[in-house]
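Got your viewer open? Here is a short walk through the model, one selection at a time.

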Amino acid sequence: MTKFSDTINFLSKLSFRRVWNATKVVKSFYLSKWLKKPIQWGLPVSITFEPTTSCNLRCPECPSGKREFTRPTGMLQTDFFRNTIDEIYKDISYLIFYFQGEPYLNPQFLEMVNYASSKNIYTATSTNAHYLDDSTSKQTIESGLDRLIISIDGTTQETYEQYRIGGDLNKVIEGTKNIIHWKNELKSKTPHIIFQFLVVKPNEHQIKNVEALAKDLGVDEVRFKTAQMYEFVNGNKLIPTIEKYSRYEKQNDGTYRIKNEMKNHCWRLWHSTVITWDGLVVPCCFDKDAKHQLGDLKKTKFSELWKSKEYTNFRASVLRSRSEIDICKNCTEGTKVWT
């Protein structure tokens with residue numbers, strides 16, 4: 001499945017109502033930027049649901065991997081998920097089944113994917129691919145999942161395990177083969193399979209190798225992602241030497257700073273939202289520990305919460321002084337539209 005056919009697949013799911021909703025969101029975002037006042041029309045275009053905070057790996061720059069959450073660990077429940085989707089599916093276009101943790105650890109994960117697919121929503125997830133056995137791979141194809149991102153941060157076990165601590169590269173490759181086998185066997189156009197390579201210093205020498213591996217296996221696309229570091233000011237052993245793949249740049253005094261310019265607006269606050277496994281709504285994927293809780297879907301309907309006083313005040317704080325918000329200080333994505 002090429003990038004073009006993946007795009008066509010996404011566009012095929014857009015109803016007039018969803019396009020009109022997206023139009024309202026875009027207009028309200030730009031109006032808010034110009035007026036420096038939070039205006040929100042429509043519902044989000046994209047929603048992230050967290051299947052679980054549990055993970056089998058111990059990646060060094062991940063709070064789930066480091067077991068450093070202050071919030072509880074648990075599993076997204078099907079009934080709660082369905083109730084939320086039933087309320088908003090006519091307006092949202094894109095659903096991401098990933099925030100923290102490994103989605104396939106939730107035994108109801110593919111059941112929820114199937115439900116979202118039945119509502120004609122474009123669905124995507126990201127996995128470390130350790131649970132893609134033959135049976136689960138077949139169920140993944142049958143669920144209707146549209147995009148499957150497989151994290152593969154090395155092409156040899158020695159390199160891979162330097163970041164994916166506790167991981168087995170052979171399982172990742174075997175899981176990829178299983179997915180591709182069943183995709184072909186069932187003559188399915190989906191999911192669009194992406195190898196995601198998080199570029200860090202220990203693996204940057206294998207960039208060409210992962211492209212070759214993807215081609216050999218029949219993976220649809222390879223994406224290179226820059227790594228977020230929690231401690232970067234005084235340097236970090238994971239910061240790559242290839243500048244284009246680093247979020248940070250070295251200054252004259254030897255310290256590091258994030259590359260992007262901090263502007264007082266953020267597209268994510270208008271077009272998307274993140275829902276934790278237990279129903280808390282947070283601004284975006286940079287709030288990994290859910291410190292900025294904007295509401296609880298166990299108590300409030302999403303449509304009310306999306307335009308609540310809490311959400312409005314947070315958007316206002318971004319428009320006023322984004323640099324003062326802790327989760328924004330290490331963000332490289334908030335200034336882009338349609339990334």
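Start by selecting threonine 125 and phenylalanine 97: a polar atom of the Thr125 side chain sits 2.7 Å from the backbone oxygen of Phe97. Keep in mind as you go that this is a predicted model.

**Stop 1: around threonine 125**

Stay on threonine 125 and colour by secondary structure; this residue belongs to strand 3, which covers residues 122-127. Buried or exposed? Threonine 125 has a relative accessibility of 2%, so it counts as buried. Now show what surrounds it. Setting aside anything within four places in sequence, Thr125 has contacts with Phe97, Tyr98, Pro103, Phe109, Leu145, Arg147, Leu148 and Ile149.

**Stop 2: into the nonpolar core**

Next, select Phe49, Phe81, Leu95 and Phe195. Within the largest nonpolar core, a set of 85 residues, these four touch the most other members. As background, nonpolar side chains in soluble globular proteins tend to be buried together.

Zoom in on phenylalanine 81. Beyond its neighbours within four places in sequence, Phe81 contacts Phe49, Leu76, Leu95, Phe97, Met112, Tyr115 and Ala116. You will recognise Phe97 from the opening selection, where its backbone oxygen was paired with the Thr125 side chain.

**Stop 3: helix 3 against helix 4**

Phe81 also takes you to a helix pair. Select helix 3, residues 78-88, together with helix 4: their axes are 10 Å apart, at an angle of about 15 degrees. The two helices are therefore roughly parallel to each other, and helix 3 passes helix 4 in a right-handed crossing. Show side chains at the contact: Thr78, Phe81, Arg82, Ile85 and Asp86 come from helix 3, while Glu111, Met112, Tyr115 and Ala116 come from helix 4.

**Stop 4: helix 4 against helix 5**

Keep helix 4 and add helix 5. What angle do helix 4 and helix 5 pack at? It is about 20 degrees, and the axes are 9 Å apart. That angle makes helix 4 roughly parallel to helix 5. This crossing is left-handed. On the helix 4 side, pick out Leu110, Val113, Asn114 and Ser117; they meet Thr136, Gln139, Thr140, Glu142 and Ser143 of helix 5.

**Stop 5: helix 5 against helix 7**

Now hide helix 4 and bring in helix 7. The axes of helix 5 (residues 134-143) and helix 7 come within 8 Å of each other and cross at roughly 50 degrees. Helix 5 and helix 7 are therefore oblique to each other, and their crossing is right-handed. Helix 5 brings Asp134, Ser137, Lys138, Thr140 and Ile141 to the contact, and helix 7 brings Gly175, Asn178, Ile179, His181, Trp182 and Lys183. Thr140 is worth labelling, as it is also one of the helix 5 residues that meet helix 4.

**Stop 6: valine 172 and asparagine 128**

Still in helix 7, centre on valine 172. Its relative accessibility is 0%, so valine 172 counts as buried. Leaving out residues within four places in sequence, Val172 is in contact with Asn128, Ala129, His130, Ile150, Ser151, Ile152 and Tyr160. For a sense of scale, draw a C-alpha to C-alpha distance from valine 172 to aspartate 91: they are 35 Å apart in space and 81 residues apart in sequence.

Hop from there to asparagine 128, in the loop between strand 3 and helix 5. This polar side chain's residue is buried, with a relative accessible area of 4%. Not counting residues up to four places away in sequence, Asn128 touches Cys55, Asn56, Leu57, Glu102, Ser151, Tyr160 and Val172.

**Stop 7: backbone oddities**

Finish with the backbone. Select asparagine 120, in the loop between helix 4 (109-118) and strand 3. Although Asn120 is not a glycine, its phi is positive, at about 65 degrees. With a relative accessibility of 35%, asparagine 120 counts as partly exposed.

Then go to the loop between helix 7 and strand 5, where you will find lysine 187. Lys187 is another non-glycine residue with a positive phi, here about 50 degrees. At 74% relative accessibility, lysine 187 counts as exposed.

Follow that loop, which lies between helix 7 (169-185) and strand 5 (192-199), to proline 191. Which peptide bond joins threonine 190 and proline 191, cis or trans? Check omega: it is about 5 degrees, and the bond is cis.

Notes:
Residues are numbered from 1 along each chain as its sequence is written. This is a predicted model: local features need pLDDT of at least 70, side-chain atom pairs count only at pLDDT 80 or more; totals for chains, interfaces and linings use all residues. Side-chain values use heavy atoms; hydrogens and water are left out. Helices (H or I, at least four residues) and strands (E, at least two) are DSSP runs, numbered from the N terminus. Buried means under 20% relative accessible area, exposed over 50%, partly exposed in between (1.4 Å probe, protein chains only). A polar contact is a pair of N or O atoms within 3.5 Å; within protein, one must be able to donate a hydrogen and the other to accept it, and residues adjacent in sequence count only if both atoms are side-chain atoms. Contact means heavy atoms within 4.5 Å. A nonpolar core is a set of buried Ala, Val, Leu, Ile, Met, Phe, Trp, Tyr and Cys residues joined through side-chain atoms within 4.5 Å. Axes are lines fitted to C-alpha atoms, for helices over the stretch in contact, and angles run from 0 to 180 degrees between N-to-C directions. Angles under 35 degrees count as roughly parallel, over 145 as roughly antiparallel, 65 to 115 as roughly perpendicular and the rest as oblique. A crossing is left-handed if the near helix is turned anticlockwise from the far one by less than a right angle, and right-handed if clockwise.
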